[in-house]
Every structure is written in structure tokens, then in C-alpha cells.
Amino acid sequence: MKNLRKLFDQNAEWAGKIREEDPSFFERLSKEQTPEYLWIGCSDSRVPGNQIVGLEPGELFVHRNVANLVIHTDLNCLSAMQFAVEILRVKHVIICGHYGCGGVNAALQNQDLGLITNWLRHIQDIVYEKCDELEKITDDKARCDRLCELNVIQQVMNAGRTTVVQDAWKRGQELTVHGWIYSLRNGALMDLGVCVRNADEMQNIWK
Ligand code: CO
């Protein structure tokens, strides 16, 4: 008897249903992937990239970590970006945060959660940078939500400054970095209006 039987049963049901609707689906996908989008999102189980934007397997290349951070020295994220941009030639890099992010809230509250506290220090850098704006917001939830937005904007900036994206732009490769945020409360996705298509547009991110 397999462990986690339920998940294997659900897999058989899922794969069977797809094969029924489209018999060559898996054979086709097993040969190659040609996604147009790289999704950099939060690991939060409530924010499943593919489902949120209604894309099928093969359509969205995904990297997720706690609080959707793009850190200059994070080889994991940088490698996913490089593979997506240089090999798969995605046209869009989507940084998607979400309101009510536990990682962002922990950073804001200065909670000690062990090892991950070090990771979340990157968000505290934003709190420090934007403390004037954040201090003016009296409601705790609203302050956290604003920090969730500011975090996405900072990560768009970070992504745009990676050698991966900079080199793509230098080559003349069509590549746009987007900053989006998702609401857990109603499932709605919002564009934060910070998309950048070239090095010049990077200047105007923090309006
Ligand atoms: Co989160």
C-alpha cells in the first residue's frame, strides 16, 4: 500500500481525465515546453500560479519561494530566471505577491521564526527604506498590505537589475517584467502598474 494513497488516486483521476479530453496531451508536452511566462510567486499554498491565471501545464514556468523574493545572490532564483529567459525565451517575467503574506507580515512584526528570519530580513530592508510611508498607515492590516505591494515593486526592480534580464535587453530580446498582486479574499489579480520593458523604464519604478 502506497503512502498518501489519496494523492496517487487523485493523480490517476486527473491524468485520466486529461487523456480522455486530449489523448496526445502528455505525449506532446513530454517532447518540449514552450511557456511564454515565468512566474515568480510566493510558496503560499493558497497562491497556485497556474490556476490563478487559468494556464495549463506547459504554459507557465514557475519559481516560488517564501514572499516571492528576487535576491541578487540567490542562485536558485537566478538559475530559474536564466533558464526561462535564455533557453525557453519567455517573453514575460511575472513577479506576483499576495495580500496577507505571512512572510511579509512576519518581517513587518519583526517576528523570530528561526532560519527564515534571515530570508525575511530582505523585506525589513524595504520597511526601513519606506518607513515614512508605512508609519502613516494606522491600520495594521492596511500597512501589511501596502508592504506586500512595496515588496513586489522592489522585486521587479531586483529582477530588472539581474544580469539575466539586463543581458536580454542588451541583446534586444523582447522581455517584460511585471509586478502583480493577488487577493486571497476574492481571488482577484491586480497589476501594480510597474512593468518594465527596457533599462530606461527601470528609472521610473519608484514613482
Ligand atoms: Co506569501
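Cys101 has a relative accessibility of 2% and therefore counts as buried, since the term applies to residues under 20% relative accessible area. This value, like the others here, is computed from a predicted model.

Cys101 also belongs to a metal site. Its SG atom coordinates the cobalt ion together with SG of Cys42 and NE2 of His98, at 2.0 to 2.3 Å. Along the chain, these donors follow the spacing C-x55-H-x2-C. The two cysteines thus come from distant parts of the chain, 59 residues apart: Cys42 lies in strand S1 (residues 37–42), while Cys101 lies in the loop between strand S3 (92–98) and helix H5 (102–109). Cys42 has a relative accessibility of 5%, so this residue also counts as buried.

The cysteines may next be considered with regard to disulfides. The structure holds 0 disulfides. For Cys77, the nearest cysteine sulfur is that of Cys42, 13 Å away. A disulfide requires a pair of cysteine sulfur atoms within 2.5 Å, so a separation of 13 Å does not qualify, and Cys77 is in no disulfide. Cys77 is nevertheless buried, because its relative accessible area is 0%.

At the level of the whole chain, the domain assignment gives domain 1 (1–31) and domain 2 (33–204). The centres of domain 1 and domain 2, taken over C-alpha atoms, are separated by 31 Å.

Technical notes
Residues numbered from 1 in each chain as written. Predicted model: local features only at pLDDT ≥ 70, side-chain atom pairs only at ≥ 80, totals over all residues. Heavy atoms only, no water. Donors = N, O, S within 2.8 Å, 3.2 Å for Na, K, Ca; no water. Helix = DSSP H or I, 4+ residues; strand = E, 2+ residues; numbered from the N terminus. Buried < 20%, exposed > 50% of the residue type's maximum accessible area, 1.4 Å probe, protein only. Domains from an automatic or database assignment.
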